[in-house]
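Here are my notes on the model you sent over. Please read them with the structure open beside you.

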Amino acid sequence: APRAGAQEIKGVISREKARAVAESLARRLQPEKFARMTANPSPSAYPGYRWPALDAAYHFSWSRTHDGIPVGDDGLHIAVDARTGLVTGYTLLWLDDLKLPPAGAVLPAGEVPAKVAAKAGMVLVYEVFPGGAAPAQVRPVYQVNTRYAYLVDARTGDFLNFQGEPVKECV
């Protein structure tokens, strides 16, 4: 039932039906690429609202994977109008010329946080969390003490910059 004061919108299709429309289009237009993608969680068109009638469109996205590992920002995004069931948005990002090597021997994921903290250290800072309509929250948090190294080489544990080059000095 719609909330008080809101009109119920007739003809809103279900998220499941919209997903079927999106997947059908993806399989028809990009069958080989779609077979190498993994579905991402689908957010509401208006995060924070729980009323289905407020979703103007359903958004679905899939990430490109190789050996079960996501490949950068490559993937597909499809939007489906919640009233008509028509596709209203389609974006494919796929770098065709990538040579994807096997991951090989990588550090166990559980070891990485300790290695990162040991190399760069942790620093206590105040973080501001926007509250939208509510007041922002501010609280002390620990973060990795670095401005320049955001990536960790999965084989060596070394910090990397966005060009993939090792970063010797993190702070």
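The points below go from the overall layout to single residues.

1. **Status and layout.** This is a predicted model. The protein has three helices and eight strands. From the N terminus, the order of elements is α-α-β-β-β-β-α-β-β-β-β. Two helices therefore open the chain, and four strands close it.

2. **Burial and surface.** The protein has 171 residues, and 22% of them count as buried. Its accessible surface is about 11900 Å². Carbon and sulfur atoms hold 57% of that area. Take the contacts with a separation of 6 or more: 46% of them join residues 24 or more positions apart.

3. **The core.** Which residues have the most contacts inside the largest nonpolar core? They are F60, W62, L76, I78 and V80, in a core of 15 residues. Three elements give two or more residues each: α1 (15–29), β2 (57–66) and β3 (69–81). The biggest share comes from α1, with four residues.

4. **V80 in detail.** V80 is one of the core residues with the most contacts. Set aside its neighbours within four places in sequence. V80 then touches I13, A18, V21 and A22. Its contacts also include A57, Y58 and F60. Further on in the chain, V80 meets G85, L86, V87 and T88.

5. **The β2–β3 hairpin.** These two strands run antiparallel and are joined by nine bridges. S61 stands opposite H77 of β3. Two residues lie between the strands. In that turn, D67 has a positive phi of about 55°.

6. **The β3–β4 hairpin.** β3 also pairs with β4 (residues 87–93), again antiparallel, over six bridges. Here H77 stands opposite T91 in β4. H77 thus faces S61 in one pairing and T91 in the other. Five residues lie between β3 and β4, and G85 takes a positive phi near 80°.

7. **L86 in the loop.** Is L86 buried or exposed? L86 sits in the loop between β3 and β4. Its relative accessibility is 56%, so it counts as exposed, the cut-off being over 50%. Leaving out neighbours within four places in sequence, L86 contacts A79, V80 and D81. The C-alpha atoms of L86 and A57 are 9.5 Å apart, for a sequence distance of 29 residues.

8. **The aromatic pair.** How many aromatic pairs does the model contain? The count is one. The ring centres of F34 and W62 are 5.2 Å apart, with the planes at 75°. The pair is edge-to-face because that angle is over 60 degrees. F34 belongs to helix α2 (residues 31–34) and W62 to strand β2, so the pair ties together parts 28 residues apart in sequence.

9. **Burial of the two rings.** Both partners fall under the 20% cut-off, so both count as buried. F34 has a relative accessibility of 10%. For W62 the value is 3%. W62 is also listed among the core residues with the most contacts.

10. **A charge over a ring.** R139 lies over the face of F129. The distance to the ring centre is 4.6 Å.

Definitions and conventions:
Residues are numbered from 1 along each chain as its sequence is written. This is a predicted model: local features need pLDDT of at least 70, side-chain atom pairs count only at pLDDT 80 or more; totals for chains, interfaces and linings use all residues. Side-chain values use heavy atoms; hydrogens and water are left out. A nonpolar core is a set of buried Ala, Val, Leu, Ile, Met, Phe, Trp, Tyr and Cys residues joined through side-chain atoms within 4.5 Å. Buried means under 20% relative accessible area, exposed over 50%, partly exposed in between (1.4 Å probe, protein chains only). Contact means heavy atoms within 4.5 Å. Rings of Phe, Tyr and Trp (its six-membered ring) pair if their centres lie within 6.5 Å; planes under 30 degrees apart count as stacked, over 60 as edge-to-face and the rest as tilted. A charge sits over a ring if NZ of Lys or CZ of Arg is within 6 Å of the ring centre and within 35 degrees of the ring normal. Two strands pair if DSSP finds at least two bridges between them. Accessible areas come from the Shrake-Rupley method with a 1.4 Å probe; for residues, only the protein chains shown count as cover.
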